[in-house]
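Reader: I'd like to learn how to read a fold and its pockets from a model. Could you walk me through one?

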Amino acid sequence: MKALKRPEPINVEIILDPKQTIMSKTDSKGIIEYANDYFMEISGYEEYELIGQPHNVIRHPDMPKVVFKWLWERLKEKKNMHALVKNMAKDGRFYWVITDFEVKVDETGEISSFFARRKAPPRKTIDLVSELYRKILSIEQAGGIEVAEKYLVGFLEEKGMTYDEYIESICLTEEKKPVDLKELQYYKRKGLFVRMFK
């Protein structure tokens, strides 16, 4: 499969429709096997261009590599991870998403594919994360992924949170805290993605 030419990034944001979901399926190595219509509409690619390409074809250069390192480590452990990601469209514009993954396994228990859903995160979340990612990326460019990872670990330790808890805290801050016991049970049972977009 011929690699797609990467566009030059331009500082223009594509605003996602909060009611729409970007969906894709990749094999265990991250090669795209399916993309829904909204994925194509936002990314600007046609199906024939995307299918068979590595998913990182839409990766924006502003994204720290350490976030994807953590994401792949989690997925290989068959665990979900709600990552905040800045993606790049075919024309160089950018768009932000929050991710939700479903790991599919074959009859032997080996990972066969990943099914991903992505939605528009709240604006305040984007502002906070883009500031953090800028810092991590500058450390990464100066000292490498390992040094950047140590910084991110330190940042989260100071907050007393995991990456997921931090993302959850900045995504759900505007929601009213549940008081009702049934509502509380619902919150504990449902993942971040479901709670944000119910």
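**Pockets first, then the sheet**

Author: Let's start with a pocket lining and who builds it: E1, H3, E3, E4 and E5 each give at least two residues to the lining of the largest pocket. Keep in mind that this is a predicted model.

Reader: Which element supplies the largest share of that lining?

Author: That's H3, with four residues. The whole lining has 20 residues, and His55, Asn56, Phe68, Leu71 and Trp72 are the ones nearest the centre of the pocket.

Reader: How do I read its size and its chemistry? What is the volume of the largest pocket?

Author: The volume comes out at about 350 Å³. For chemistry, sort the lining by class: here you get 10 nonpolar, seven polar and three charged residues.

Reader: And what is the volume of the second largest pocket?

Author: About 180 Å³. Its lining divides into five nonpolar, one polar and six charged residues. Among the lining residues are Glu13, Asp62, Lys86, Arg123, Asp127 and Arg134, along with Phe94, Trp96 and Tyr133.

Reader: Which element gives the most to that second lining?

Author: H4 does, with seven residues. The elements giving two or more residues there are E4 and H4, the helix spanning 123-143.

Reader: Now the fold. How many helices and strands are there in the chain?

Author: Eight helices and five strands. To see how they alternate, read along the sequence: the pattern is β-β-α-α-α-β-β-β-α-α-α-α-α.

Reader: What is the order of the strands in the sheet?

Author: Sheet order is a separate thing to read from sequence order. Here the open sheet of five strands goes E2-E1-E5-E4-E3, and the pairing is antiparallel. E2 (32-35) and E3 (84-88) are the edge strands, each with a single partner, so one side of each has no neighbour in the sheet. On average, neighbouring strands are turned by 35 degrees against each other, ignoring direction.

Reader: Let's zoom in on one pair. How many bridges join E1 to E5?

Author: Six, between E1 (residues 22-27) and E5 (residues 111-119), and the two run antiparallel. For a register check, find Ile22: Arg118 in E5 stands opposite.

Reader: Where does H3 lie relative to the strands?

Author: H3 (residues 65-76) lies across E3, E4 (94-105) and E5, and its angle to E5 is about 130 degrees. You've met H3 already, as the source of four residues in the lining of the largest pocket.

Reader: What about the chain as a whole? What share of the residues counts as buried?

Author: It's 43% of the 198 residues. Sequence separation is another thing to read: take the contacts between residues at least 6 apart, and 58% of them join residues at least 24 apart.

Reader: Now single residues. Is Asp164 buried or exposed?

Author: Compare its relative accessible area with the cut-off: buried means under 20%. Asp164 has 17%, so it counts as buried. Asp164 is in H6 (residues 163-171). Leaving aside residues up to four places away in sequence, Asp164 touches Arg74, Asn80, Met81 and His82.

Reader: And what about Lys78: where is it in the chain?

Author: In the loop between H3 and E3. Look at the backbone there: phi of Lys78 is near 65 degrees, a positive value in a residue other than glycine. With 45% relative accessibility, Lys78 counts as partly exposed.

How values were computed: Residues are numbered from 1 along each chain as its sequence is written. This is a predicted model: local features need pLDDT of at least 70, side-chain atom pairs count only at pLDDT 80 or more; totals for chains, interfaces and linings use all residues. Side-chain values use heavy atoms; hydrogens and water are left out. Two strands pair if DSSP finds at least two bridges between them. Axes are lines fitted to C-alpha atoms, for helices over the stretch in contact, and angles run from 0 to 180 degrees between N-to-C directions. Contact means heavy atoms within 4.5 Å. On a 1 Å grid over the protein atoms alone, a cavity is a set of points where a 1.4 Å probe fits but cannot get out, and a pocket is an open set with protein on both sides within 12 Å along at least five of seven lines; lining residues have an atom within 4 Å of a point. Grid points are joined across faces, edges and corners, and a volume is the space filled by probe spheres set on the points. Ala, Val, Leu, Ile, Met, Phe, Trp, Tyr, Cys and Pro count as nonpolar, Asp, Glu, Lys and Arg as charged, and the others, Gly among them, as polar. Buried means under 20% relative accessible area, exposed over 50%, partly exposed in between (1.4 Å probe, protein chains only).
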